[in-house]
Amino acid sequence: MADPELFRFTIDNGLRVVLAPDPTAPVVGVSVHYDVGFRSEPEGLTGFAHLFEHLMFQGSESLEKLAHFRHVQSSGGTFNGSTHPDYTDYYEVLPAAALERALFLEADRMRAPKLTAENLANQIEVVKEEIRLNVRNRPYGGFPWILLPPVLYSTFANAHDGYGAFEDLEGATLDDCAAFFDTFYSPANAVLTVAGDFEVEEAKALVEKHFGDVPHRPAPVRPSFSEPLPTAQLNGEHTDPHAPLPALAIGYRMPDPINDLDGYLAYLVLAGVLTDGDGSRLQQRLVHVEPLVVDVGAGAGLFGPFEARDPDTFTITAIHPPDVPRERVLAALDEELEKLASTPPDDQELKKVTARWAASLHAEHDRLVSRTLALGAFELLYGDASLVYQLADRLSAVSGEAVSAAAKALRPDARAVLVVKPASTEGTEQ
Amino acid sequence: MTSAEQVKAAHRSAEEIGRTAAGPRPLPSLGHQRAAADLSHVDTVLSNGLRVLAVRKASVPMVELRLWIPFAGEDAMHAATAEVLAETVLTGTARRDRVEIDAEVALIGGDLNAGVDPERLYLGGTALSDGLPTLLDVLGDVLTGATYGDAEVARERERLIERIAVSRTQPRTIAREALQKHRYGDHPVTREVPQAEDVAEVTSEQVRALHNASVLPRGAVLVLVGDLDPQEVPAELERALGGWKSDRSAVVLPPLPTLTGGNVLLVPRAGAVQSQIRLSAQTVPRVDPRYPALQLANLAFGGYFSSRLVENIREDKGYTYGAHSGFEFTGDTAVVNVDADTANEVTAAAYLETRYELFRLGTVPPTAEEVESVRQYAMGSLVTGTSSQSGLAGQLMALASNGLGIEWLQSHPERLAAVTADQVAEAAAEFFAPGRFTGVVVGDAELLAPKLAALGVSTSEKD
């Protein structure tokens with residue numbers, strides 16, 4: 001299957017555009033990725049990037065509060081947005097007839113969102129409910145994405161809670177919003193992606209028509225978030241009032257995702273060798289043979305791979321019974337890494353992982369929303385959306401030696417170990 | 001400059017940002033909508049009684065497989081045995097052990113998993129399309145020859161008990177169990193998460209016996225969607241699954257009691273920082289002529305983001321992150337469920353507003369504008385929801401369980417187009433009448449009881 005054709009260009013105000021036509025179904029996906037995530041939020045304003053994402057849905061010069069939702073949905077579409085370490089995305093998937101409407105909606109809020117004190121107060125409450133739902137009222141809430149970074153990292157940018165502290169959220173002002181918008185939400189700091197059923201020339205004209213007069217503002221200078229590698233095992237502990245069983249999260253640093261993509265991909269293959277499927281090494285040993293844990297998983301990125309620049313995190317997580325000492329889990333893990341470090345996995349073991357990756361990338365591209373978002377994120381972070389279509393081949397090219405080297409780099413003396421303790425080790429009877 | 005300094009640098013005010021010299025602009029109208037292409041498909045019954053829906057959708061070189069087998073049981077141990085069966089069905093056959101199954105499926109880029117609920121056993125899979133013969137071979141092997149080795153059963157039983165402990169601390173599981181019990185009493189449908197002590201008793205003999213008695217093709221449905229030739233699928237399946245047969249039919253869940261309204265129960269969960277509001281009322285299934293109007297009434301009430309309920313309790317009042325209403329189809333019946341999770345301080349107020357919106361839906365029915373909006377949404381989400389292989393497979397499976405097929409999917413836009421605002425108003429008044437609803441509120445009873453009692457919510461006796 002040939003790679004789909006991509007059209008990439010930049011309009012006068014600095015907005016980068018990716019067009020990915022595909023006539024197989026009469027639907028379109030539109031996304032805007034802004035180059036700002038929770039690593040960029042100011043100190044004292046934890047959770048602000050995500051709170052601001054909520055505000056971008058609350059009206060603009062042309063649209064009153066609630067109109068954005070209504071116009072997308074009454075065109076037959078769905079929408080959402082999400083905040084990541086290094087970017088914030090907004091998207092719609094709609095019947096193809098609604099393409100111009102979707103472009104209008106995104107352009108209008110890029111040009112002139114209506115930021116009001118009333119909407120800010122309302123969305124602070126909504127975000128607090130979101131945090132209660134996903135973190136505070138739930139077992140293993142925020143595990144490990146909120147709890148692990150402060151153990152592994154030492155700078156505010158990398159270590160703080162991207163969902164935010166309630167007092168920071170409550171302290172956010174309208175002026176903070178205005179400053180954040182003017183700094184980070186300029187067209188020169190964004191990527192527009194359109195994928196699906198459209199004519200390229202017509203789409204180009206529509207992009208120019210709606211986004212062309214969003215005034216240029218310079219993109220902010222992006223600071224480096226790099227920090228030194230750990231030189232010892234870093235330990236952290238968290239007591240979870242709702243968790244019935246202890247859990248562990250181990251965090252390691254990874255190669256620079258952008259400047260050493262192939263090095264990064266070796267860690268993805270390693271994650272598969274470790275925990276993907278019943279035959280994987282840690283599933284076999286820790287779950288089925290010994291058995292020490294209830295569940296174990298490994299992967300790149302706090303929400304998945306390809307959503308952050310350097311530094312990015314390789315995580316291994318496990319939930320285990322209270323009578324299994326965590327030292328045994330860690331020792332077994334280190335032994336398995338040691339084995340991989342000295343003897344590379346063979347071709348069959350690699351093929352299992354890379355065939356599953358190839359299939360999951362196909363499946364991701366088959367869902368228009370995932371494809372649109374992947375193209376936008378790669379254009380923003382890597383400067384090249386077409387990398388999305390090369391990933392399966394590049395993963396298949398990862399050698400056993402590269403996986404071995406990645407395993408060797410996951411050293412006990414350069415990692416973070418977060419322990420989650422249940423508030424009570426009693427049963428869960430009520 | 002650091003990013004913090006950049007943010008503090010000179011910037012416009014919020015008011016200046018929200019204004020341009022040209023002023024507000026008009027919303028562009030919709031363009032021409034091309035219809036989705038007709039999909040070549042086969043809908044047939046194999047010699048063993050298995051219904052098969054195969055659809056060609058070659059957007060990527062993959063196939064999606066879904067198998068639903070009616071799998072009910074009234075025995076007190078059924079839920080526990082069925083859960084252990086689902087956890088161990090893929091752990092070995094005479095021809096392949098657990099690791100070999102995983103390896104064979106992995107090498108075709110595939111995935112095969114199993115799950116169970118009180119109504120059905122579910123097997124789902126994907127693979128690169130040239131791996132379909134392998135996927136079907138493994139599936140056939142598992143359906144006819146799963147061995148349920150003692151060691152595998154013992155290990156999965158133990159793991160399941162630990163997972164049940166984790167599951168029962170999830171607010172949504174707690175709320176779901178409370179709702180099931182309150183609305184359906186002891187009916188087998190309530191046993192969604194088995195009791196840990198029952199799971200501990202399950203033997204491999206019992207699991208094998210359940211497989212022999214209940215993993216049956218007659219009455220089950222298999223959906224295949226992807227880069228395949230549907231015409232060839234029945235013969236391929238006769239080859240791969242021909243050995244899977246029985247004279248008996250798969251076991252169907254006994255009909256559910258019809259829900260009657262009233263009596264919303266406060267179920268205590270000490271120390272909770274958020275409450276789960278769960279309301280439910282009897283409605284009608286997809287085949288009922290009133291269903292399209294009911295579907296639109298539900299969307300207007302709480303079935304999408306631009307609904308009355310979400311606009312009220314989230315976007316206006318900030319009481320919740322998400323409020324939602326939607327259908328739950330079981331056998332030939334359907335109910336509508338209304339859900340919201342809210343902080344303790346606003347639970348009573350959110351409950352009141354939810355009831356208020358139920359009253360209002362009947363007395364101030366959806367306007368012509370609301371009806372057009374939900375109609376477009378319903379038609380558009382059919383197009384977007386079925387534009388991927390997995391989305392289409394999921395939709396077809398849901399329909400197949402009601403005896404429907406791809407023709408229903410293709411003709412549904414016409415039914416939605418034909419619904420009048422009066423029909424939506426009638427459906428709203430009839431099915432969303434507040435008196436029809438029952439339900440639970442799960443939360444910190446000490447804090448919630450006084451206010452909720454004033455709203456007619458009684459407190460459960462058991463803590």
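**Reading the interface and sheets of a predicted model**

Author: Chain A and chain B bury about 7,900 Å² between them, and 57% of that area is on carbon and sulfur atoms. The model is predicted.

Reader: How is the size of such an interface given, and which three residues of chain A supply 9% of the area that chain A buries against chain B?

Author: The size of an interface is often given as the accessible area lost when the parts come together. Here A:Glu61, A:Asn137 and A:Asp366 supply 9% of what chain A buries against chain B, more than any other three residues.

Reader: How many residues of each chain are in contact?

Author: On chain A there are 96 residues in contact with chain B, and on chain B there are 88 in contact with chain A.

Reader: How many salt bridges are counted between chain A and chain B?

Author: The count is 8. One pair to look at is B:Arg98 and A:Asp278, whose side chains meet in a salt bridge at 2.9 Å, N to O. For polar contacts, the rule finds 42 residue pairs across the interface, with both residues at pLDDT 80 or more.

Reader: Which elements of chain A give two or more residues to the side that touches chain B?

Author: Among them are helix 2 (67-73), helix 3 (99-111), helix 4 (117-136) and helix 13 (347-366) of chain A, together with strand 4 (78-83) and strand 5 (88-95). By residue class, the side of chain A that touches chain B divides into 43 nonpolar, 27 polar and 26 charged.

Reader: Strands 4 and 5 come up there. In what order do the strands of the chain A sheet lie?

Author: The sheet is open, with 6 strands in the order 1-2-6-3-5-4 and mixed pairing. Strand 1 (7-10) and strand 4 of chain A are the edge strands, each pairing on one side only. Neighbouring strands are turned by 15° against each other on average, direction ignored. Inside the sheet, strand 3 (residues 27-34) and strand 5 of chain A run antiparallel and are joined by 8 bridges. A:His33 has A:Asp89 in strand 5 as its bridge partner.

Reader: Which helix of chain B lies across strands of chain A?

Author: Helix 14 (residues 368-385) of chain B lies across strand 3, strand 4 and strand 5 of chain A, at about 100° to strand 5.

Reader: How many residues lie between the strands in the hairpin of strand 9 and strand 10 of chain B?

Author: There are 2 residues between those strands, and B:Gly331 in this hairpin takes a positive phi near 55°. Strand 9 (residues 320-330) and strand 10 (residues 333-343) of chain B pair in the antiparallel sense over 9 bridges. B:Thr320 stands opposite B:Thr342 in strand 10 of chain B.

Methods:
Residues numbered from 1 in each chain as written. Chains lettered and ligands numbered in written order. Predicted model: local features only at pLDDT ≥ 70, side-chain atom pairs only at ≥ 80, totals over all residues. Heavy atoms only, no water. Contact = heavy atoms within 4.5 Å. Buried area = accessible area lost by both parts, 1.4 Å probe. Salt bridge = Lys/Arg side-chain N within 4 Å of Asp/Glu carboxyl O. Polar contact = N/O pair within 3.5 Å; in protein donor to acceptor, adjacent residues only side chain to side chain. Helix = DSSP H or I, 4+ residues; strand = E, 2+ residues; numbered from the N terminus. Nonpolar A, V, L, I, M, F, W, Y, C, P; charged D, E, K, R; others polar. Pairing = 2+ DSSP bridges. Axes fitted to C-alpha atoms, helices over the stretch in contact; angles between N-to-C directions.
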